[in-house]
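I opened this entry to keep a record of what I looked up, beginning with a loop and moving on to helix packing.

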Amino acid sequence: IPFKNPYFSIDVECVATGHDHNSRAVAQVSLVNQYEQAILNLYVKPDKPVVSYLTPLTGITKELLEQYGIPLEEAVKALKANLPTNSILVGQSIGQDVTWLGLKEGVDFAGLQDLAGLYRVWNPQFKSWSVFGQDQVAKVLLQWGSDPAGHNALMDAIKSIRLFNHYHLLRSQGEGPWQQAQQALLTAEPSPSFAKRNPVFEGVCMGNRRQCSCGAPFFS
């Protein structure tokens, strides 16, 4: 690992509080350390009415949040109490999770490592960078199968840490293994995302750029 700071993965799952693709509220927060040990796994009860729990995508249900949900402020306070300020945060598009939780670089953590950037591959056919979803990278390089119960913040955070460690293992072995991994990612058949398979779910736009029906802006 190219730094001595401790590193952690944070993953957030959200439910829909409106019908456009930006109307989301935090419903689960998980924190995992560099050894794949779960430090926190908290459910959050949104302060707005929930339009859809997006259960096939998030694994979140009304019953889970009613039984275990706590206010977001409590969850963030617990997270900060368990996160050293010199930590490096790792994850797929980790900046979005940080934004959801209101964490500040240089105050709550030291830096970010985005798996989408680490595992991007130059595609000579299209003369552009190919970026892969976390599930696709884990499937191709770790033979990590999909969970029929849907996503889960805790398992996604563990997956992020494992992929981060795997990336640095590959890079430490010279160019050969890394080039093989890149080629495997480029040639593997991609699995369609939930948003591609379900442009609208329970009346909620899922934010697929090509099939967006709500007209809300995209911020990334």
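**Loop and helix notes**

I began with H21, which sits in the loop between β1 (7–16) and β2 (24–33). The model I am reading is a predicted one, and I keep that in mind for each value below.

Is H21 buried or exposed? I find a relative accessible area of 10% for H21, and since buried means under 20%, H21 is therefore buried.

I then looked up the polar partners of the H21 side chain. The side chain reaches the backbone oxygen of A216 at 3.3 Å, and a polar atom of that same H21 side chain lies 3.0 Å from the backbone oxygen of P217. Setting aside neighbours within four places in sequence, I list C205, M206, G207, C212, C214, A216, P217 and F218 as the residues in contact with H21.

Next I turned to G18, which is also placed in the loop between β1 and β2. G18 counts as buried because its relative accessibility is 10%, with the limit for buried being under 20%. When I leave out residues up to four places away in sequence, G18 touches S23, R24, V51 and V204. I also noted the pair G18 and K48, which are 30 residues apart in sequence while their C-alpha atoms are 9.4 Å apart in space.

From the loop I went on to the helices. Two packed helices are described by the angle between their axes and the distance between the axes, and I recorded both quantities for each pair.

For helix α6 (residues 134–142) and helix α8 (residues 175–187), I read a packing angle of about 120° and axes 10 Å apart. An angle of this kind falls outside the parallel, antiparallel and perpendicular ranges, and α6 and α8 are therefore oblique to each other. The crossing in which α6 passes α8 is right-handed. Which residues make this contact? On the α6 side I have V137, V140 and L141, and on the α8 side A181, A184 and L185. By class, the residues of this contact are six nonpolar, no polar and no charged.

The other pair I looked up is helix α7 (residues 153–172) with α8, packed at an angle of about 130° with their axes 6 Å apart. That angle makes α7 oblique to α8. Here Y167, L170 and R171 in α7 meet E175, P177, W178 and A181 in α8, and I count the classes in this contact as five nonpolar, no polar and two charged residues.

As a last cross-reference, I marked A181 of α8, which is listed in the contact with α6 and also in the contact with α7.

Methods. Residues are numbered from 1 along each chain as its sequence is written. This is a predicted model: local features need pLDDT of at least 70, side-chain atom pairs count only at pLDDT 80 or more; totals for chains, interfaces and linings use all residues. Side-chain values use heavy atoms; hydrogens and water are left out. Axes are lines fitted to C-alpha atoms, for helices over the stretch in contact, and angles run from 0 to 180 degrees between N-to-C directions. Helices (H or I, at least four residues) and strands (E, at least two) are DSSP runs, numbered from the N terminus. Angles under 35 degrees count as roughly parallel, over 145 as roughly antiparallel, 65 to 115 as roughly perpendicular and the rest as oblique. A crossing is left-handed if the near helix is turned anticlockwise from the far one by less than a right angle, and right-handed if clockwise. Contact means heavy atoms within 4.5 Å. Ala, Val, Leu, Ile, Met, Phe, Trp, Tyr, Cys and Pro count as nonpolar, Asp, Glu, Lys and Arg as charged, and the others, Gly among them, as polar. Buried means under 20% relative accessible area, exposed over 50%, partly exposed in between (1.4 Å probe, protein chains only). A polar contact is a pair of N or O atoms within 3.5 Å; within protein, one must be able to donate a hydrogen and the other to accept it, and residues adjacent in sequence count only if both atoms are side-chain atoms.
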